[in-house]
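Hi,

Here is the structure I said I would pass on. Have a look at it first, and then read my notes below.

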Amino acid sequence: MNELVSLAQPGVLSNPTTHSEFLTFTLKDQWLNMEQINEALSQLPGIEKSIRQKDTSAGLSVTIGFSANSWPILFPDVPTPSELHDFPALADGPRLFPSTSGDIFLMVKSERKDLNFQVAKYAARALADVADLVEDIQGFKYLDNRDMIDFVDGTENPLDEERAEAVLVQEGSDNEVGGSYLTVQRYVDRHQDWDALPTEQQEQVVGRTKMDDIELSDDVKPAWAHNEKSKVEVDGEEIKMYRQNRPYGNAIEHGTMFVGFAASSSVVETSLKQMITADEDGDYDKLLDYVEAKTGTNYFVPSQRFIDARFDD
């Protein structure tokens, strides 16, 4: 497992930082010159290294992912990762998880917002001739790792070796091993409706206590609680993912960037289907009554070895 961990892009396994920036690019033209594409992408590792040196204590990392649309364009000589496909739009009743555009995704993490911004600025400039920056979201740590609905987020994230097992592809081609499948969604909170709920009802929706972040007991927690509906189990065993979620926004509009890494794309997709689809009892994830998904994209985050071989000068 240690060897596998050494292959991964560092930001995939490291803890979320105080500040994060999430950048979504779409390719301008599928018939772009490969030399032009490689030249643009080859600038990204140098940008990361240069800005990281400005403050080595800030823990700067840049994680890069590619979509099913962009992979055969950017890497025509490499088979598309076996489980990489477009994010499947999901709908049930008034609830919708849209599928939106995104070809290259950058997750920039550090303890300094200014360093993240510098990476974002220079990355956008480096890719300007081949890709459009269509979304740039600045996330941040809120209180004691709470989301904007004031509940602690990421409590059930796996740690250490369990995290690596949950996140990293362990078998397959050399170009897949050490990589990870990533799903990104941006949610907006319906904060006025949420704030109108009594605390006890909010706790039932989330499935945990608000103040001290304790999971509700089975005899109290409803079947439609968020932490119940989002849990993925196979033959009675929970299959973990690693959420690097971060709040974003301001007093006018705010929400959560869902950033879910898993060794198989099916883990996140199963979770989302369980959340949005009402079961035979009519139960779905009631948190979706108070948040709205605005985006949905899938990526494969290749190993650092793959990035270095392709782009590092």
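Four elements each put at least two residues into the lining of the largest cavity: strand S7 (180–189), helix H10 (226–229), strand S12 (254–262) and helix H11 (265–276). Before you go further, keep in mind that this is a predicted model. That largest cavity holds about 640 Å³ of space. Its lining runs to 33 residues, and the ones nearest the centre are Asp153, His226, Ser230, Arg243 and Asn245. By type, the lining of the largest cavity splits into 14 nonpolar, 10 polar and nine charged residues.

How many cavities of 30 Å³ or more are there? The count is two. The second largest cavity has about 30 Å³ of space, and its lining consists of Leu44, Ile47, Glu48, Val62, Leu106, Val119 and Ala123. Helix H4 (43–52) and helix H6 (113–127) are the elements that give two or more residues to that lining, with H4 providing the largest share, three residues. Six residues of this lining are nonpolar, one is charged and none is polar.

One name in that list, Leu106, brings us to strand S5. S5 covers residues 104–110, and seven of its seven residues are buried. In general, side chains in a regular strand alternate between the two faces of the sheet. In S5, Ile104, Leu106, Val108 and Ser110 point one way, while Phe105, Met107 and Lys109 point the other way. Yes, that means Lys109 is on the buried list too, as is Ser110.

S5 has partners in two strands. Strand S1 (residues 19–27) pairs with S5 in the antiparallel sense over seven bridges, and Leu23 stands opposite Leu106 there. Strand S2 (residues 61–66) is also antiparallel to S5, over six bridges, with Gly65 opposite Phe105.

Back to helix H10, which includes Lys229. Is Lys229 buried or exposed? Lys229 counts as buried because its relative accessible area is 12%, and the cut-off for buried is under 20%. Leaving out residues up to four places away in sequence, Lys229 touches Ala223, Trp224, Ser271, Gln274, Met275, Asp279, Asp283, Tyr284 and Asp285. If you click on Lys229 in the viewer, look for Asp279, Asp283 and Asp285 among those contacts.

Then there is the largest pocket, with about 270 Å³ of space. It is lined by 15 residues, and Pro16, Asn145, Asp153, Gly154 and Asn157 lie nearest its centre. Strand S10 (242–243) and S11 are the elements that give two or more residues to this lining. Four of the pocket's lining residues are nonpolar, six are polar and five are charged. Asp153 turns up twice, being among the residues nearest the centre of the largest cavity and also among those nearest the centre of the largest pocket.

S11 (residues 246–249) pairs with S12 in the antiparallel sense over four bridges. The two form a hairpin with four residues between them, and Tyr248 has Gly255 in S12 as its bridge partner.

Last, the record. An unreviewed UniProt entry carries the annotation "domain: Dyp-type peroxidase C-terminal" for residues 144–304. Over that stretch the chain is 24% helix and 23% strand, and its end C-alpha atoms are 31 Å apart.

Cheers

Definitions and conventions
Residues are numbered from 1 along each chain as its sequence is written. This is a predicted model: local features need pLDDT of at least 70, side-chain atom pairs count only at pLDDT 80 or more; totals for chains, interfaces and linings use all residues. Side-chain values use heavy atoms; hydrogens and water are left out. On a 1 Å grid over the protein atoms alone, a cavity is a set of points where a 1.4 Å probe fits but cannot get out, and a pocket is an open set with protein on both sides within 12 Å along at least five of seven lines; lining residues have an atom within 4 Å of a point. Grid points are joined across faces, edges and corners, and a volume is the space filled by probe spheres set on the points. Ala, Val, Leu, Ile, Met, Phe, Trp, Tyr, Cys and Pro count as nonpolar, Asp, Glu, Lys and Arg as charged, and the others, Gly among them, as polar. Two strands pair if DSSP finds at least two bridges between them. Buried means under 20% relative accessible area, exposed over 50%, partly exposed in between (1.4 Å probe, protein chains only). Contact means heavy atoms within 4.5 Å. UniProt positions are given in the numbering used here, feature names are shortened, and annotations may be inferred rather than shown by experiment.
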